[in-house]
Amino acid sequence: MRENCSPIVRMDGIRLKIGPEGLAPQTYDLAGVAPGASVSFEYPLDTSLRPDTYEIVADLDAKAVESFHCQETFPVRIV
């Protein structure tokens, strides 16, 4: 997954939680992000899950001039 925040101010204190809906997420603490910068990370999906479609939830919190929160959900199918 590649997340492009495109903030207009530097964002610090970034915490990203990502994982299949209903299961414990993995947490990533990310360094400050400059305006317009992209953030890349690797998330190892547990392929031992039974074949099905899973909703992956990415929940991002950051501190800038004011707090910022974003949540995205997208499907991943394991066959």
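**Exercise 1. A residue and its partner**

Is R15 buried, partly exposed or exposed? Work this out, then find what the side chain of R15 meets.

*Solution.* Keep in mind throughout that this is a predicted model.

Step 1. Buried means under 20% relative accessible area and exposed means over 50%, with partly exposed in between. The relative accessibility of R15 is 40%, so R15 counts as partly exposed.

Step 2. Now look for a partner of opposite charge. The side chain of R15 forms a salt bridge with that of D29, at 2.8 Å from N to O. This pair links distant parts of the chain: R15 lies in strand β2 (residues 12-20) and D29 in strand β3 (residues 26-30), 14 residues apart.

Step 3. Apply the accessibility cut-offs to the partner too. D29 has 55% relative accessibility and therefore counts as exposed.

Step 4. Turn to the backbone pairing. D29 is also the bridge partner of R15 in β3.

**Exercise 2. Completing the salt-bridge count**

How many salt bridges does the count come to? Find the pair that involves R50, and describe the exposure of both its members.

*Solution.*

Step 1. The rule asks for a side-chain nitrogen of Lys or Arg within 4 Å of a carboxyl oxygen of Asp or Glu. By this rule, the count is two salt bridges.

Step 2. R50 and D52 meet through their side chains in a salt bridge, with 3.0 Å from N to O.

Step 3. R50 has a relative accessible area of 56%, so R50 is exposed. D52, at 31% relative accessibility, counts as partly exposed.

Step 4. Here is some general background for the exercise: opposite charges on side chains can pair when the charged atoms come close.

**Exercise 3. Building the sheet**

Which strands make up the open sheet, and in what order do they stand? Start from the list of elements and add the pairings.

*Solution.*

Step 1. List the elements. The protein chain contains six strands and zero helices, and from the N terminus on, its elements read β-β-β-β-β-β.

Step 2. Take the pairing of β2 with β3. These two strands run antiparallel and are joined by five bridges. Their hairpin has five residues between the strands, and G22 in this hairpin takes a positive phi near 90 degrees.

Step 3. Move to the next pairing of β2. Seven bridges join β2 to strand β5 (residues 52-63), again with the strands running antiparallel. Two positions help you to check the register: L16 stands opposite L60 in β5, and P20 stands opposite I56 in β5.

Step 4. Continue from β5 to β6. This antiparallel pairing extends over twelve bridges, and T53 stands opposite R77 in β6.

Step 5. Put the pairs together. The result is an open sheet of four strands in the order β3-β2-β5-β6, with antiparallel pairing. β3 and β6 are the edge strands, each pairing on one side only. On average, neighbouring strands of this sheet are turned by 15 degrees against each other, direction ignored.

**Exercise 4. The nonpolar core**

Which residues have the most contacts inside the largest nonpolar core? Then trace the surroundings of L16.

*Solution.*

Step 1. The largest nonpolar core has 13 residues, and those with the most contacts inside it are I14, L16, I18, Y28 and L30.

Step 2. Ask which elements contribute. β2, β3 and β5 each give two or more residues to this core. β5 gives the most, with four residues.

Step 3. Follow L16 outward. Leaving aside neighbours within four places in sequence, L16 is in contact with Q26, T27, Y28, L30, F41, A58, D59 and L60.

Step 4. Set the core against the whole chain. Of the 79 residues of the protein chain, 29% count as buried. The chain exposes about 5,400 Å², of which carbon and sulfur atoms supply 50%.

**Exercise 5. A proline on an edge strand**

Where does P75 lie, and what does P75 touch?

*Solution.*

Step 1. P75 sits in strand β6 (residues 67-78), which is one of the edge strands.

Step 2. With a relative accessible area of 54%, P75 is exposed.

Step 3. Not counting residues up to four places away in sequence, P75 touches T53, Y54 and E55.

Step 4. As a distance check, compare P75 with V57: the two are 18 residues apart in sequence and 8.9 Å apart in space, from C-alpha to C-alpha.

Definitions and conventions
Residues numbered from 1 in each chain as written. Predicted model: local features only at pLDDT ≥ 70, side-chain atom pairs only at ≥ 80, totals over all residues. Heavy atoms only, no water. Buried < 20%, exposed > 50% of the residue type's maximum accessible area, 1.4 Å probe, protein only. Contact = heavy atoms within 4.5 Å. Pairing = 2+ DSSP bridges. Core = buried A, V, L, I, M, F, W, Y, C linked by side-chain atoms within 4.5 Å. Axes fitted to C-alpha atoms, helices over the stretch in contact; angles between N-to-C directions. Areas by Shrake-Rupley, 256 points an atom, 1.4 Å probe, with all protein chains shown as cover.
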